[in-house]
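Trainee: I'd like to learn how to read a model like this, from the whole chain down to single side chains. Can you walk me through it?

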Amino acid sequence: MATLRRLREVPRHLLVCEKSNFGHDKSRHRHLVETHYYNYRVSFLIPECGILSKELKDLVMGFGPYYFVKGLPLYELITHEFINTFVKKGKLILSLDKDTYEETGLQGRPSQYSGRKTMRFIVSIDLMDLSSNLDSKKYKRVSWAFKEKKPLKFDFLLAWHQTGAEGSTMMSYFSGYGIQEHQPKIALSTTPDLRCPVLRSGLLGGEPEAACSAHELFDWLGAVFSHADLNNEPYNFVSTYCCPQPSSVVAQASLCSVTGFLLPERICVLLEQLCRYFDEPKLAPWVTLSVQGFADSPVSWRESEHGFQKGGEHLYNFVIFNNRDYWLQMAVGADDDCPP
């Protein structure tokens with residue numbers, strides 16, 4: 001019976017919603033984008049739009065390359081040369097199982113989601129502090145752990161926000177490990193006669209027969225981005241979901257998704273451009289920007305521990321209104337801190 005009871009349990013999920021205005025001094029929008037580091041998909045939806053503007057197209061095409069390195073020894077990321085070339089500030093954060101953690105001999109802390117018996121540990125290494133004194137006991141201990149005691153190798157995705165010839169620098173630096181350059185995948189589509197929820201910027205919780213809530217919009221966006229059939233036809237056995245009410249039909253809507261290893265600095269620029277979308281009068285009352293993080297990232301926002309054993313979700317969504325108000329929705333799955 002205990003096993004059956006556990007199977008029936010649904011892992012908890014958290015959705016935090018707030019509203020503000022991009023012009024407010026205390027608006028948190030930039031900070032929350034900049035501190036969500038590991039992003040693999042960015043999607044935006046623009047109702048009453050058939051063709052993207054040149055500015056938006058250029059931003060989508062300009063997300064820049066990322067790199068894949070197979071079997072990279074972990075100690076390469078703590079060398080003075082690597083840190084001096086690529087790192088201005090930052091930490092190396094490892095989520096290790098109990099055996100690997102003990103074999104490294106490094107100091108860490110138990111994962112807060114380990115349960116009664118600790119089976120996972122978090123190790124955090126300040127790279128700037130580490131490289132500031134290569135003769136220190138701390139540097140020698142970490143270097144010995146990764147080079148000799150427990151030589152760890154991983155497949156890495158790498159991205160670098162820098163001006164100049166960052167691509168050639170990254171490629172040449174890791175040339176001995178067969179580094180590969182990848183471009184983000186871009187998907188553009190136009191959906192005719194799309195039924196959209198009616199939203200009012202001041203009604204985050206919605207109002208019966210007047211406006212849909214932020215939670216209802218969040219569910220609807222998930223269906224739209226999944227290209228689900230929203231007609232709720234009686235013969236459809238895959239999905240019976242339909243657009244929440246009240247709703248209205250727009251003549252067409254543009255949907256764009258970019259998938260890869262996407263840096264928050266680029267997402268900030270895209271968000272600013274979407275804010276400027278309403279500088280000239282538009283038929284659309286709002287647009288959305290959704291960002292999903294890697295399921296197996298060790299952190300979600302900043303250094304908040306993220307687990308992926310029971311789902312791995314961590315994502316956020318902006319609803320940008322034509323008066324510069326916005327809704328911000330942040331969601332995480334099980335084994336995650338509450339979004340900031």
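Mentor: We'll go from the overall fold to two contrasting residues. Keep in mind that this is a predicted model.

Trainee: What does the secondary structure of the protein chain come to?

Mentor: Start by tallying the elements: here there are 10 helices and 13 strands. Then look at the extent: the C-alpha atoms fill a box of roughly 65 × 60 × 40 Å along the principal axes.

Trainee: And how many of the residues count as buried?

Mentor: Of the 340 residues, 44% do. For the outside, check which atoms supply the area: the chain exposes about 18500 Å², with 51% of that from carbon and sulfur atoms. Contacts tell you about sequence separation too: among those between residues at least 6 apart, 76% join residues at least 24 apart.

Trainee: Now a single residue. Is Thr104 buried or exposed?

Mentor: Buried means under 20% relative accessible area. Thr104 counts as buried because its relative accessibility is 2%. You'll find Thr104 in helix H5, residues 98-104.

Trainee: What does the side chain of Thr104 reach?

Mentor: The backbone oxygen of Tyr101, at 2.7 Å. A polar atom of the Thr104 side chain also lies 3.3 Å from the backbone nitrogen of Leu106. Leaving out residues up to four places away in sequence, Thr104 touches Leu96, Ala145, Lys149, Lys150 and Leu152.

Trainee: Which residues form a nonpolar patch on the surface?

Mentor: Met61, Ile186 and Leu188, with about 310 Å² of accessible area together. Leu188 sits in strand E9, residues 185-197, and counts as exposed because its relative accessibility is 53%.

Technical notes
Residues are numbered from 1 along each chain as its sequence is written. This is a predicted model: local features need pLDDT of at least 70, side-chain atom pairs count only at pLDDT 80 or more; totals for chains, interfaces and linings use all residues. Side-chain values use heavy atoms; hydrogens and water are left out. Helices (H or I, at least four residues) and strands (E, at least two) are DSSP runs, numbered from the N terminus. Buried means under 20% relative accessible area, exposed over 50%, partly exposed in between (1.4 Å probe, protein chains only). A polar contact is a pair of N or O atoms within 3.5 Å; within protein, one must be able to donate a hydrogen and the other to accept it, and residues adjacent in sequence count only if both atoms are side-chain atoms. Contact means heavy atoms within 4.5 Å. Patches are made of residues with over 30% relative accessible area and no salt bridge: like charges are joined within 9 Å, nonpolar side chains (Val, Leu, Ile, Met, Phe, Trp, Tyr) within 5 Å. Accessible areas come from the Shrake-Rupley method with a 1.4 Å probe; for residues, only the protein chains shown count as cover. A salt bridge is a side-chain nitrogen of Lys or Arg within 4 Å of a carboxyl oxygen of Asp or Glu.
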